[in-house]
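Visitor: I'm new to this one, so could we take a close look at a single part of it and then follow the contacts outward?

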Amino acid sequence: MRLIDENGTQVGIVPLREALAMAEERGYDLVEVAPNAVPPVCRLLDYGKFRYEQSKKEREARRNQKQSELKQIRLMPKTDDHDVAVKANQARRFLLSGDKVKFNLRFRGREMAHPEIGRKMLDEIAEQLSDIAVIEQKPLMEGRVLSMLLAPTAKVLKAAQQAQKAAAQRQSAASAAQPPAAAPVPSASAEVEEDEEEEVLAEDIDLDEEDYDDEDYDDEDDDEFDDDDERERRRRR
């Protein structure tokens, strides 16, 4: 087999036992990535991590994939050529965005006697949109309504999905580039209140120091009190 190591470097053609021993020694799994190649290609990798990344990519692809919708456009056999062109342009926008379009041509009263008029109208619309659409359902009469279903071609559908994916990436990049919210700026009233609070605290500290300095307390008074107590104890004895 042709072996590729965990760094993506080709080791060369090695026997199976040697590849298994190398994978066990380096703490990786030996995974066959190209079984139809000659010789088969195997790679050293963390299989659990590899499966996780693959499933993450699949989920991302499904999320970016646009679900096609069915758009319906109504017509009548008496619709003039200008209005038919407007309807065709509207259908073109729907098809370019990846949606399917169903034309419903309704007959009334004696119009049912000439269904070929409606078929000719739908055939002309299909011809105008043939560059971006294919006929998924040919004109079919259902009661009084002649219907035709158009679907975007594979090329158009792929382009629409890529455009949607690019738009999603631009949106995520724009949201990531937004600057963080600035911290709120304190108002002038808040600054004044803060200054007043600091002044009050300073006044409290000054008052405490003055009270301490004005106290009539010194070491000599303590000595006099001690001498009086000693003489009293001796007298009692």
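Visitor: Let's start at Thr79: is this residue buried or exposed, and at what relative accessibility?

Guide: Thr79 counts as buried, because its relative accessibility is 18% and buried means under 20% (exposed is over 50%, partly exposed in between, with a 1.4 Å probe and protein chains only). Before we go on, this is a predicted model, with local features needing pLDDT of at least 70 and side-chain atom pairs pLDDT 80 or more, while totals for chains, interfaces and linings use all residues. Residues are numbered from 1 along each chain as written, and side-chain values use heavy atoms, leaving out hydrogens and water.

Thr79 sits in the loop between E5 and H3; helices (at least four residues, H or I) and strands (at least two, E) are DSSP runs numbered from the N terminus. From that loop, the Thr79 side chain reaches back to the backbone oxygen of Met76, at 2.9 Å. That's a polar contact: N or O atoms within 3.5 Å, one able to donate a hydrogen and the other to accept it, with sequence neighbours counting only through side-chain atoms on both sides. Strand E5 itself covers residues 70–75, and Arg74 lies in it. Arg74 is a nice contrast to Thr79: with a relative accessible area of 71%, Arg74 is exposed, while Thr79 at 18% is buried.

Now hop over H3. In the loop between H3 and strand E6 (100–106) you'll find Asp99, another buried residue, at 5% relative accessibility. The side chain of Asp99 has a couple of partners to look at. One is the side chain of Ser97, joined to Asp99 by a polar contact of 3.3 Å. Another is the backbone nitrogen of Glu69, which the Asp99 side chain reaches at 3.1 Å. Look along the chain, too: Asp99 and Ala160 are 61 residues apart, yet their C-alpha atoms are separated by 9.5 Å.

Glu69 is worth staying with for a moment. Its backbone nitrogen takes part in that contact with Asp99, and its side chain meets the side chain of Lys71 in a salt bridge (3.2 Å, N to O). A salt bridge here puts a side-chain nitrogen of Lys or Arg within 4 Å of a carboxyl oxygen of Asp or Glu. Side chains of opposite charge can pair when their charged atoms come close. Both ends of this bridge are partly exposed: Lys71 at 25% relative accessibility and Glu69 at 44%.

By that rule, the count comes to four salt bridges. One of them joins Glu6 and Arg26, again at 3.2 Å, N to O. This pair links distant parts of the chain, with Glu6 in the loop between strand E1 (2–4) and strand E2 (10–13), and Arg26 in helix H1 (residues 16–26), 20 residues apart. Glu6 is partly exposed, with a relative accessible area of 25%, and so is Arg26, with 40%.

To finish, come back to helix H3. Arg92 forms a salt bridge with Asp131, and the closest N and O atoms are 3.1 Å apart. This pair also links distant parts of the chain: Arg92 is in helix H3, and Asp131 is in the loop between H4 and strand E7 (133–142), 39 residues apart. Arg92 counts as partly exposed, at 24% relative accessibility, whereas Asp131 is exposed, with a relative accessible area of 52%.
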